[in-house]
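Trainee: I am new to this structure and would be grateful for a close look at a single part. Please describe how the metal site is built, and then place it beside the packing of the interior.

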Amino acid sequence: MTWGDGDGFVTCELGHKHWGRYGAAGLLPYHDGYVLLQHRAKVTIGGGTWGAFGGARRRGEDPVAAALRETAEESTLDASEVTLRGLMHEDHGGWSYDTVIATAPALLEVRPASWESKGAAWVPVDEVAEHNLFEPFAKAWPRLRQALRRPVLVVDGANVMGSRADGWWRDRAGASARLRDQLGAVDRYTGIAPFDVAIPEKVLVVEGKARNIGPGDTDVRVVSAEADGDDKIVETAASIVAEGPDVLCLVVTADRELRRRCVAVGAEVTGPRWLLNQIAPKAVDTPG
Ligand SMILES: [Zn+2]
């Protein structure tokens with residue numbers, strides 16, 4: 001590790017002594033039933049135990065940035081190879097810990113790279129609890145293992161657009177492109193259980209005059225319905241669910257019949273207001 005202004009001990013409001021004056025953060029990469037753990041060197045706090053790579057945040061440093069920086073300092077993992085999926089947050093009052101959940105494309109070879117790490121290993125999720133775990137990680141693990149998923153948002157463009165009075169009826173393609181850009185601009189979402197903060201892939205289903213808007217400059221996957229928009233949304237949700245048990249597909253629509261059909265194929269559902277509050281909080285109920 002290189003010295004940072006967050007290095008130091010604090011006592012939280014629960015009376016524990018913790019490392020990290022501005023809190024701490026760690027990275028938990030996941031691939032196909034395995035998580036990457038750090039075997040902590042004897043000389044560290046909790047020496048000889050297993051936990052997530054990570055460490056103290058610097059003043060004002062985002063927990064994701066801190067987790068990636070610390071992991072890069074402590075291991076040979078190339079952070080650009082993992083995809084961020086969400087955060088789990090623990091607040092002790094005066095100290096907090098964020099675990100950043102990510103997925104890896106394979107069981108990448110990772111070696112320790114600093115004196116703090118004795119080893120690195122991909123551990124089967126079912127065997128994690130059998131390891132001698134770093135105490136804070138042991139406490140967090142039951143929640144963390146629920147969050148080893150890939151969240152995907154599927155947005156019913158016509159329905160979400162229709163739920164805000166911003167003049168969309170005058171220019172459906174323009175309003176759809178605006179929705180797409182707002183979706184693209186926001187990466188972190190609250191209210192997607194079990195994550196405290198989810199970083200989902202985003203899919204926008206468009207139809208009619210909005211059919212040809214494309215992805216623009218965003219990372220949003222835009223799916224065009226050539227015929228019925230509802231059928232396309234169900235088909236899209238079903239194919240995402242079919243990718244495997246680690247995928248969490250959340251469809252955003254207020255349409256009751258469509259919600260029923262999406263739940264029937266294994267997706268979860270939520271309403272437009274939730275989404276609008278995340279991507280454009282000030283625009284809700286303020287036309288113009
Ligand atoms: Zn504490």
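Mentor: Along the chain, the donors of the zinc ion follow the spacing C-x3-H-x1-H-x73-H. Donors are N, O and S atoms within 2.8 Å of the metal (3.2 Å for Na, K and Ca), and sites may look incomplete, as water is not among the atoms. This is a predicted model, in which local features need pLDDT of at least 70, side-chain atom pairs count only at pLDDT 80 or more, and totals for chains, interfaces and linings use all residues. Residues are numbered from 1 along each chain as its sequence is written, and side-chain values use heavy atoms, leaving out hydrogens and water.

Cys12 provides SG, His16 and His92 each provide ND1, and His18 provides NE2, at 1.9 to 2.3 Å from the zinc ion. The angles among these 4 donor atoms run from 101 to 130°, and the site is tetrahedral (four donors with all angles between 85 and 135 degrees). Cys12 is buried, because its relative accessible area is 5%, whereas His16, at 29%, is partly exposed. Buried means under 20% relative accessible area, exposed over 50%, and partly exposed in between, with a 1.4 Å probe and protein chains only.

As for the interior, the largest nonpolar core has 48 residues, of which Phe137 and Leu275 touch the most other members. Such a core joins buried Ala, Val, Leu, Ile, Met, Phe, Trp, Tyr and Cys residues through side-chain atoms within 4.5 Å. This core takes at least three residues from each of domain 1 (9-147) and domain 2 (150-279), with bounds from an automatic or database domain assignment.

Notes: Four donors count as tetrahedral if all angles lie between 85 and 135 degrees; four count as square planar and six as octahedral if opposite donors are over 155 degrees apart and all others between 65 and 115; anything else is irregular.
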